[in-house]
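Subject: Handing over the structure

Hi,

Here is the structure I promised to pass on to you. Have a look at it first, and then read on for my notes.

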Protein chains: 2
Amino acid sequence: MQNSLSRLKEIGKEIKLLEHAMALLGWDQETYMPPKAVEERSEQLSLLQTILHRKATTTEIGDLLGELGVSEDNPEGDASLGTLDRAYVRVCFRDYTKNTKLPTELVSKLARQTSIAQSVWAEAREKSDFSRFAPHLEELLVLIKEKAECLGYEDHPYDALLDEFEPGMLTRRVKEIFDRVREELAPVIEQIASQPNVDDSILYRTYPLTLQRQFGEVVLEDMGYSMERGRLDVSAHPFTTSLGRDDVRLTTRYSEDYFNTGIFGTIHEGGHGLYELGFAEEIKENILADATSLGIHESQSRIWENIIGRSYSFWSHYFPLLQHYFPETLADVSLDQFYRAINKVEPSFIRVEADEVTYNMHIILRFELELALITGELAVDELPGAWRSLSEQLLGIRPEKDSEGVLQDIHWSMGGVGYFPTYALGNLYSAQFYSAIREQLDDYEEIISSGDLQKVLFWLREKIHRHGRVYTAEKLCEQVTGEPLDPGYFVRYIKDKYSGIYDV
Amino acid sequence: MQNSLSRLKEIGKEIKLLEHAMALLGWDQETYMPPKAVEERSEQLSLLQTILHRKATTTEIGDLLGELGVSEDNPEGDASLGTLDRAYVRVCFRDYTKNTKLPTELVSKLARQTSIAQSVWAEAREKSDFSRFAPHLEELLVLIKEKAECLGYEDHPYDALLDEFEPGMLTRRVKEIFDRVREELAPVIEQIASQPNVDDSILYRTYPLTLQRQFGEVVLEDMGYSMERGRLDVSAHPFTTSLGRDDVRLTTRYSEDYFNTGIFGTIHEGGHGLYELGFAEEIKENILADATSLGIHESQSRIWENIIGRSYSFWSHYFPLLQHYFPETLADVSLDQFYRAINKVEPSFIRVEADEVTYNMHIILRFELELALITGELAVDELPGAWRSLSEQLLGIRPEKDSEGVLQDIHWSMGGVGYFPTYALGNLYSAQFYSAIREQLDDYEEIISSGDLQKVLFWLREKIHRHGRVYTAEKLCEQVTGEPLDPGYFVRYIKDKYSGIYDV
């Protein structure tokens with residue numbers, strides 16, 4: 001049995017190596033690749049994808065899992081295996097089953113369709129014309145529903161899609177959680193909207209790019225992100241990517257006349273990066289070395305970006321340094337004024353620019369629409385209208401242009417139905433983890449206000465990062481916080497924090 | 001037959017795509033990769049190498065070649081194939097035969113041994129202690145000789161090694177060529193050494209790096225190298241690498257207090273890069289899109305670096321611009337003084353820093369020693385002594401430290417016996433091509449002295465670059481210049497040029 005396990009791990013390691021090589025091709029494409037190279041790059045990626053798929057679906061894996069006693073009824077395999085090995089075979093079985101359930105023809109149809117749909121979407125957004133994108137979305141939805149059927153589900157076809165990004169999460173449960181969030185936060189948003197708003201004009205002053213970069217690097221270093229095992233580069237859309245077990249790179253973007261973009265983008269990606277750099281030595285080389293769910297991944301970026309990075313304690317330490325970096329720009333600004341500006345709440349059209357309070361409403365909107373599309377309650381051509389009215393209900397504002405509404409995100413054109421909920425789940429997890437940190441770390445506020453951020457990293461690493469995929473998100477959450485995901489933590493966090501800025 | 005050919009080309013294209021993906025992994029490792037990532041990167045490369053090797057040696061290729069009528073006696077296949085297709089199957093047959101002649105065991109032994117030998121060599125050079133490296137070189141030589149036997153040869157085992165880098169070239173012919181070069185140039189070197197030398201102290205003034213970079217980019221652009229299909233980055237050792245048919249990247253290095261390193265490094269790599277960017281549309285996607293030999297490759301870098309880049313005409317155009325970039329450093333320097341400085345001839349220990357006149361002697365030295373090692377006339381422990389005395393004979397100087405002698409180059413530790421001659425062949429080819437350019441391009445001097453460098457590029461592209469591997473180096477040389485490689489061109493070029501600087 002030890003032989004079967006070693007061989008299984010060998011294949012798993014090769015899968016990881018190929019994934020990392022492909023990640024480099026992707027990273028390079030977004031950062032340094034010369035413009036004319038794009039055509040061949042997609043051919044290179046597609047060849048590597050084929051090689052990877054062949055490796056990940058070889059019947060040898062199925063045979064080895066069989067030898068290890070793994071089956072639908074016994075996904076953790078033979079009882080004599082150690083804890084980590086049981087987790088290993090469970091995850092391996094999960095991946096293998098998913099990969100082999102999808103017919104090759106469907107996979108390549110999806111690849112082709114999403115590749116076309118993405119470029120059409122980009123054009124349609126540019127022209128703010130949903131009608132161009134609609135027929136492609138329609139075709140894609142047919143394939144996505146087919147995919148859900150192939151993957152299988154017990155309750156709702158959306159479960160199968162959700163499970164890709166948030167393993168084990170159910171539509172029913174997301175609905176329940178989101179209803180609670182909506183119910184609790186809608187009044188807060190309304191209350192804030194009825195008050196005179198914070199003045200955040202200082203954020204729109206001039207912040208030279210190189211200084212933003214330098215300041216961001218100082219914060220990353222304090223967080224424990226080391227350039228020995230990573231990099232920070234610039235790309236059109238910020239992302240984090242693993243190119244190796246000791247090579248996790250971040251990108252961000254800077255705007256010279258809007259402060260938030262660069263620094264909060266950097267901290268956000270730093271949070272993602274620290275997760276991927278924190279897997280335990282024992283699992284570092286294998287397929288357990290990955291995020292257990294996208295919700296947990298997002299919880300790591302959001303806890304750093306928002307809960308820590310937009311807190312008063314954090315800036316009580318960093319604001320004087322920031323003033324040192326931008327002496328002219330910030331000479332006349334007080335810490336209090338700055339803190340209020342970076343935490344201004346205001347319903348807006350674009351999800352990625354939304355504040356903490358309204359952000360989840362953007363997700364709830366997409367979740368509702370995705371559900372209706374998958375069940376067939378909503379037709380594709382009704383989508384822009386449905387978006388507008390739901391936006392009015394949830395955020396109190398109505399986008400007139402499709403580019404500020406239904407066309408704003410790339411996800412659907414990539415076939416990523418079921419992805420959006422993980423953003424909100426990430427926010428909710430982050431607040432629940434935050435509550436646990438405050439309970440378990442003495443002098444949390446002092447730690448933050450002295451810039452001793454690595455104490456937080458050590459906690460996160462020990463409790464969350466090191467485990468990778470060993471525990472499901474649900475199990476991890478219970479283990480770390482003593483209870484299942486409870487949106488009440490997020491609601492309380494929001495009410496507590498924003499009562500200091502608004503009358504809520 | 002068309003089906004067999006298409007399938008063969010499909011496999012060939014996949015081989016190219018994999019090679020390019022691997023080239024990206026290599027490029028990244030030398031430029032932007034975080035230091036701790038090195039361990040996994042070598043695992044990624046080794047996995048891709050295995051996948052590539054499997055693809056390149058699949059018996060399907062042999063079968064397809066058979067279907068196309070290809071055999072030892074008929075390497076260009078069925079007579080009904082077009083010219084390019086005949087070249088295609090010839091090159092494919094050559095690669096396949098070479099790849100399959102080497103037993104997998106020998107290939108992996110060589111990979112392991114060279115990997116170890118490289119790190120030992122680096123250490124040995126650091127300490128200038130040949131005895132550390134000697135046992136590894138000894139083991140490597142056993143494997144290299146075994147490789148020569150597997151590959152086969154008619155006349156001399158060194159032929160088999162040479163053929164890897166300079167297809168079709170024979171030891172006998174190299175000997176003949178090098179004897180002529182030595183005979184003709186030795187007196188020139190002696191004559192120059194007996195005269196008071198040029199003062200090149202102006203090259204050791206301060207040249208700020210960013211300005212060197214900017215100036216280099218101007219020259220590259222004038223040469224016709226476009227950042228749409230390439231990049232220029234910094235690495236410890238300059239190199240050029242193809243990451244795609246429209247993605248050929250250069251690296252260089254800069255020294256703030258020595259002018260030659262940065263700018264001539266940039267032009268040299270630019271010459272290599274333009275070759276790889278110049279393959280004709282019809283062959284761009286397939287295995288013909290590669291250098292026909294390393295000698296021809298080097299001829300392209302050397303014609304730009306030395307023959308054009310160190311010519312009086314070139315600097316009569318660029319020196320005023322250079323003064324504009326470095327106004328303080330070069331205010332008191334005349335064009336004439338600058339021209340003489342960058343063309344100073346002085347025997348020195350280190351090959352990569354050698355001037356045009358003495359450079360080939362460094363190669364002849366290595367060639368003689370390689371031959372003696374392969375035939376067994378020289379034992380590994382006699383190598384440092386043999387190096388010293390040969391250096392004295394060829395260059396008139398005797399290195400005392402092994403780091404300035406036998407340990408200076410990485411090639412042997414990489415198993416690259418047979419590589420060095422291509423550097424000298426490149427110099428010789430470049431002079432012969434130069435003579436053809438002067439004959440065929442009206443007003444050559446005017447073209448250069450007006451900075452209209454792309455006229456030279458068009459000539460090189462039409463005559464040399466576009467053909468890739470369609471013609472062997474020998475055939476190409478005859479086609480371009482009307483005769484086989486003749487070292488007399490190089491000798492005349494040297495005597496002509498240096499009679500303007502020295503009394504020769």
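Before the details, one cut-off: a residue counts as buried under 20% relative accessible area, as exposed over 50%, and as partly exposed in between. Lys495(A) has 34% relative accessibility, so it falls in the partly exposed class. Please keep in mind that this is a predicted model.

**Salt bridges**

Lys495(A) is a good place to begin, as its side chain meets that of Glu184(A) in a salt bridge, at 3.1 Å from N to O. The lysine sits in helix 21 (residues 488–498) of chain A and the glutamate in helix 8 (residues 171–193) of chain A, so this pair ties together parts that are 311 residues apart in sequence. Glu184(A) is partly exposed too, with 22% relative accessibility.

How many salt bridges are there over all chains? The count comes to 98. As a reminder of the principle, side chains of opposite charge can pair when their charged atoms come close.

Two more caught my eye, both in chain B:

- Lys55(B) and Glu14(B) form a salt bridge whose closest N and O atoms are 2.6 Å apart. Lys55(B) belongs to helix 2 (residues 38–56) of chain B and Glu14(B) to helix 1 (residues 2–31) of chain B, with their positions 41 residues apart in the chain. Lys55(B) is buried at 18% relative accessibility, whereas Glu14(B) is partly exposed at 22%.
- Asp290(B) and Lys16(B) form a salt bridge as well, with the closest N and O atoms 3.9 Å apart. Asp290(B) lies in the loop between helix 10 (259–277) and helix 11 (294–308) of chain B, and Lys16(B) is in helix 1 of chain B, so parts 274 residues apart in sequence are tied together. Is each partner buried or partly exposed? Asp290(B) is partly exposed, with a relative accessible area of 27%, while Lys16(B) is buried, with 7%.

There is also a network: salt bridges with shared partners join Lys13(A), Arg245(A) and Glu285(A) with Glu39(B), Glu40(B) and Glu43(B).

**The sheet in chain B**

Chain B has an open sheet of 3 strands in the order 1-3-2, with mixed pairing. Strand 1 (232–234) and strand 2 (240–244) of chain B are at the edges with a single partner strand each, so one side of each has no neighbour in the sheet. On average, neighbouring strands of this sheet are turned by 30° against each other, ignoring direction.

The mixed pairing is easy to follow strand by strand. Strand 1 of chain B runs parallel to strand 3 (residues 247–252) of chain B, with 3 bridges between them, and Val234(B) has Thr252(B) as its bridge partner. Strand 2 of chain B pairs with strand 3 of chain B in the antiparallel sense over 4 bridges; here Thr241(B) stands opposite Arg249(B). Strands 2 and 3 of chain B make a hairpin with 2 residues between them. Of the 5 residues of strand 2 of chain B, 4 are buried, so the strand is largely enclosed by the rest of the structure.

**Strands in chain A**

In chain A, what is the sense of pairing between strand 1 (residues 232–234) and strand 3? Parallel, over 3 bridges, and Asp233(A) has Thr251(A) as its bridge partner. Strand 2 (residues 240–244) of chain A runs antiparallel to strand 3 of chain A, joined by 4 bridges. One of the partnerships there is Thr240(A) with Leu250(A), and a hairpin connects the two strands through 2 residues.

For strand 3 (residues 247–252) of chain A, 6 of the 6 residues are buried, so the rest of the structure largely encloses the strand. In a regular strand the side chains alternate between the two faces of the sheet. Both faces of strand 3 of chain A are covered, with Asp247(A), Arg249(A) and Thr251(A) buried on one side and Val248(A), Leu250(A) and Thr252(A) buried on the other.

**A helix pair in chain B**

Last, look at helix 6 (residues 130–151) and helix 7 (residues 157–165) of chain B, whose axes come within 8 Å and cross at roughly 85°. These two helices are therefore roughly perpendicular to each other. Ile144(B), Lys147(B), Ala148(B), Glu149(B) and Leu151(B) of helix 6 meet Pro157(B), Ala160(B), Leu161(B) and Glu164(B) of helix 7. By class, the contact has 6 nonpolar, no polar and 3 charged residues.

Cheers

Key
Residues are numbered from 1 along each chain as its sequence is written. Chains are lettered from A and ligands numbered from 1 in the order in which they are written. This is a predicted model: local features need pLDDT of at least 70, side-chain atom pairs count only at pLDDT 80 or more; totals for chains, interfaces and linings use all residues. Side-chain values use heavy atoms; hydrogens and water are left out. Axes are lines fitted to C-alpha atoms, for helices over the stretch in contact, and angles run from 0 to 180 degrees between N-to-C directions. Angles under 35 degrees count as roughly parallel, over 145 as roughly antiparallel, 65 to 115 as roughly perpendicular and the rest as oblique. Contact means heavy atoms within 4.5 Å. Ala, Val, Leu, Ile, Met, Phe, Trp, Tyr, Cys and Pro count as nonpolar, Asp, Glu, Lys and Arg as charged, and the others, Gly among them, as polar. Two strands pair if DSSP finds at least two bridges between them. A salt bridge is a side-chain nitrogen of Lys or Arg within 4 Å of a carboxyl oxygen of Asp or Glu. Buried means under 20% relative accessible area, exposed over 50%, partly exposed in between (1.4 Å probe, protein chains only).
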